[in-house]
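This report describes selected side-chain features of a single model. It proceeds from aromatic contacts to the nonpolar cores, one helix and the disulfides.

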Amino acid sequence: MKMRSNPILLAVCLLPTLYASPLGDPALQVPLEDLKSSHLQASSPSPRLHGRFLHITDMHPDPYYKIHSSTEEEDACHRGKGLAGTYGAETSDCDTPYSLINATFKWIAENVRDVDFVVWTGDSARHDNDEQIPRTADEVLSTNRWIAGKFQEVFGDDSNKGLTVPVVSTFGNNDILPHNILLSGPNRWLKEYTDIWRNFIPEEQRHGFERGGWYYVEVIPGKLSVFSLNTLYFFKNNAGVDGCALRSEPGYEHMEWLRIQLQFMRDRGMKAILMGHVPPARTNSKELWDETCWQKYTLWVQQYRDVIVGGLYGHMNIDHFMLQDSNQVNLLTEDDASAESTVRATMDEELTIESANDYLEELREDWAELPNPSAAIKEFENQTPEESGKKKKKGKKDKKKSKKEKTLKKIGGPWGERYSLTLVSPSIVPNFFPTLRVIEYNITGLDTSATWAGKQSVVATEEKDWLNEEPFLNKNNDEASIEKKLMGKDKKKPKEPDFVIPLPPSKRSPPGPAYSPQTLTLLGYTQYFANLTDINNDDAVPSNALEPEDDIDADKWQPGKHKGKNPKHKPHPKPFQFQVEYDTFTDPIYKLKDLTMRSYLKLAHRIGQYQPQKGDSIEDFEEEIFDDDSDDEVEADKNKKKHRKKKHHKQHEKNKVWLRFVKRAFVGTLDEEDLRTFEEDEVLVPEFREEL
């Protein structure tokens, strides 16, 4: 699929063509080769930094869930007879029984209390999917209040009024009524959540939260903040607002607040993690955010790439990542916003196996276009930013740019600064298997005794006054510099965008922790899942009335693997536990050195290869899920070089990295038949011809 072309407006002209020079304090650049994942053990919290935090999302507690009820749409695990298990009906569209919520928090209390902070990315109310029991505002608020109380129980202090570690919360599209629709604040919903999260939101930011639903917490005082974004103001399905281009819209105001606070972080020498419910998912044909919001967000994270550590989101239920490409920033003025917003269709709110097939394939098509960064980056990997920033004298043979240099230019230099990374965690609600994630980060050089809890009684969180700030033009945006940047084929001066464009990092600034391994860089994560098929321990009796399976419609209710089945016996579940699904530290397939951008650029490139590189083919790796029976497949001759064009071909999938990416997206719930739907799609395969 070809990329959409857009006219280049002023904001793009103002983007720096040179990326941050990798110069800086070598003391901050800590070698990570010897750092290993620590095993999580049950113990009481201690007042020091541990270098890890918990990310949990999309719990969707359902007070009406009934064990051994039917998973069919008309019953929704509320009525009838079926195989809805004690801890949930995995692979169905049913919501979460309270038993699963209670068991999850009990497991957290016993195994992962020693974290530095918690990221909770919303959707803590059931879906409105049962016409016989419609949701009410009181129910939505009640379940959210209950979940907030569970965090208080696990992470509360001795008085049970405060917290031992900060919990950073946000609401999802199902945490309001009607779902998806949140009007500009102040309003009742924002006021209610200000009260529900009174122990989570810093006191001095509660007034601002009532206005817009956003805030941040200094989880490591003076070093690291976590920003809770109200993504409902960016969400394309929120019919109550209209994007981020108009000054009258809350999305515009939200982006202004974010810009000002990120600048405040930069001025204080701090770093920031961005988190929210709805991620900035965007492919060539569909998107979750309004385009004007995606454009601003992508520009913001590009310009503040020296500050931002990473982005963490939920909502989509599937385990994956996405790359925001700053070269696609085409910032819009008010006049252009409405035309652009119709280019991409609205993505499904929450992906099923069927709708995810197209979405993941589109991601793969984009990643297939990435240049191979491995060879170009290799020579820089063992250098500090200071060393790699030194310019080498060029001889006559080096006048022309090498292939490596061209590759580096395409990805934004040796650190991949053209792109930014978003990590999307799978959910607790058992549309697949319940999942949570513990992420580790580098605390080398930090005072491990300087914790959030220890500072609460000493100093309050600062927040930059943003409501009274007057708009200003960046000093880099003066007319002379604009005219200079506009020199070229198109000399027509574009319109000036109606907002402040953030300044990029100083040219002498080192690359940020999202790019160069250093203090606060995300090192990796361990993903835990609960195998409900095993834990529920239900034997099924197929229904005599079961009809042949029809083709599954992605837009319809999914009854899951328990459709038409009845239990043989009364519930007798096994002891509940989470177990490790995988961790990025030891994973032999992803081979992620850390969670920096260049690690993910390498992974994305490998996933995107329809003709896998050496070591990534199923033939090179023996594993039970990869059954290579493609004897009739036509392979490209090894001696043929340089593809001239691409054609659509049906082929049996050979890339084990892609298949593992798909399997993990659905937390291992796909059987081999489901996996084959991702293997047998029509894909773009380069056609090779011999050079004359």
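## Aromatic pairs

In this predicted model, W197 has a relative accessible area of 0% and is therefore buried, the cut-off being under 20%. Its ring pairs with that of F171 in a stacked arrangement, with 5.8 Å between the centres and 15° between the planes. F171 is likewise buried, at 2% relative accessibility. The two residues are 26 positions apart and belong to distant parts of the chain: F171 is in the loop between β3 (167-169) and α4 (188-196), and W197 is in the loop between α4 and α5 (206-212).

A tilted pair is formed by W658 and F661, for which the centre-to-centre distance is 6.1 Å and the angle between the planes is 35°. In total, the structure contains 36 aromatic pairs. F171 and W197 also belong to one aromatic cluster, whose other members are F105, W120, F151, Y193, F200, F209 and Y215.

## Charges over rings

Two arginines are placed over aromatic rings. R282 lies over the face of W294, 3.7 Å from the ring centre. The charged end of R664 sits over the ring of Y590, at 4.6 Å from its centre.

## Nonpolar cores

The largest nonpolar core comprises 154 residues, and F151 and F321 have the most contacts inside it. Helix α3 (residues 137-155) supplies the largest share of this core, eight residues. Beyond its neighbours within four places in sequence, F151 is in contact with I56, M59, F105, V118, W120, G156, L163, V167 and F200. Of these contact partners, F105, W120 and F200 are also listed with F151 in the aromatic cluster.

A second core, separate from this one, has seven residues, including Y65, A76, C77 and W557.

## Helix α17

Helix α17 (residues 656-665) contains both W658 and F661, which are three residues apart, about one turn of the helix. An α-helix has 3.6 residues a turn, so residues three or four places apart point the same way. W658 is buried at 0% relative accessibility, and F661 is buried at 1%.

The helix as a whole is mostly covered, with nine of its 10 residues buried. Among them are the charged residues K656, R660 and R664. At the start of α17, a side-chain oxygen of N655 comes to within 2.9 Å of the backbone nitrogen of V657. Just after the helix, V667 adopts a positive phi of about 50°.

## Disulfides

The structure holds two disulfides, and their connectivity, counting bonded cysteines along the chain, is 1-2, 3-4. In the link of C77 and C94 the sulfur atoms are 2.1 Å apart, and the link is right-handed, with 85° about the S-S bond. Both cysteines are in the loop between β1 (52-56) and α2 (98-111), 17 residues apart. C77 is buried at 0% relative accessibility, and C94 is buried at 1%.

The other disulfide joins C244 and C293, with 2.0 Å between the sulfur atoms. This link is also right-handed, with 95° about the S-S bond. C244 is in the loop between β5 (224-228) and α6 (250-268), whereas C293 is in helix α7 (residues 291-303), 49 residues away. C244 is buried, with a relative accessible area of 0%, as is C293, also at 0%.

## Surroundings of N536

N536 is located in helix α15 (residues 532-536) and is buried at 4% relative accessibility. Leaving aside neighbours within four places in sequence, N536 is in contact with G85, T86, Y87, G88, E90, H572 and P573.

Conventions. Residues numbered from 1 in each chain as written. Predicted model: local features only at pLDDT ≥ 70, side-chain atom pairs only at ≥ 80, totals over all residues. Heavy atoms only, no water. Helix = DSSP H or I, 4+ residues; strand = E, 2+ residues; numbered from the N terminus. Buried < 20%, exposed > 50% of the residue type's maximum accessible area, 1.4 Å probe, protein only. Contact = heavy atoms within 4.5 Å. Phe/Tyr/Trp six-rings, centres within 6.5 Å; stacked < 30°, edge-to-face > 60°. Lys NZ or Arg CZ within 6 Å of the ring centre and 35° of its normal. Core = buried A, V, L, I, M, F, W, Y, C linked by side-chain atoms within 4.5 Å. Polar contact = N/O pair within 3.5 Å; in protein donor to acceptor, adjacent residues only side chain to side chain. Disulfide = S-S within 2.5 Å.
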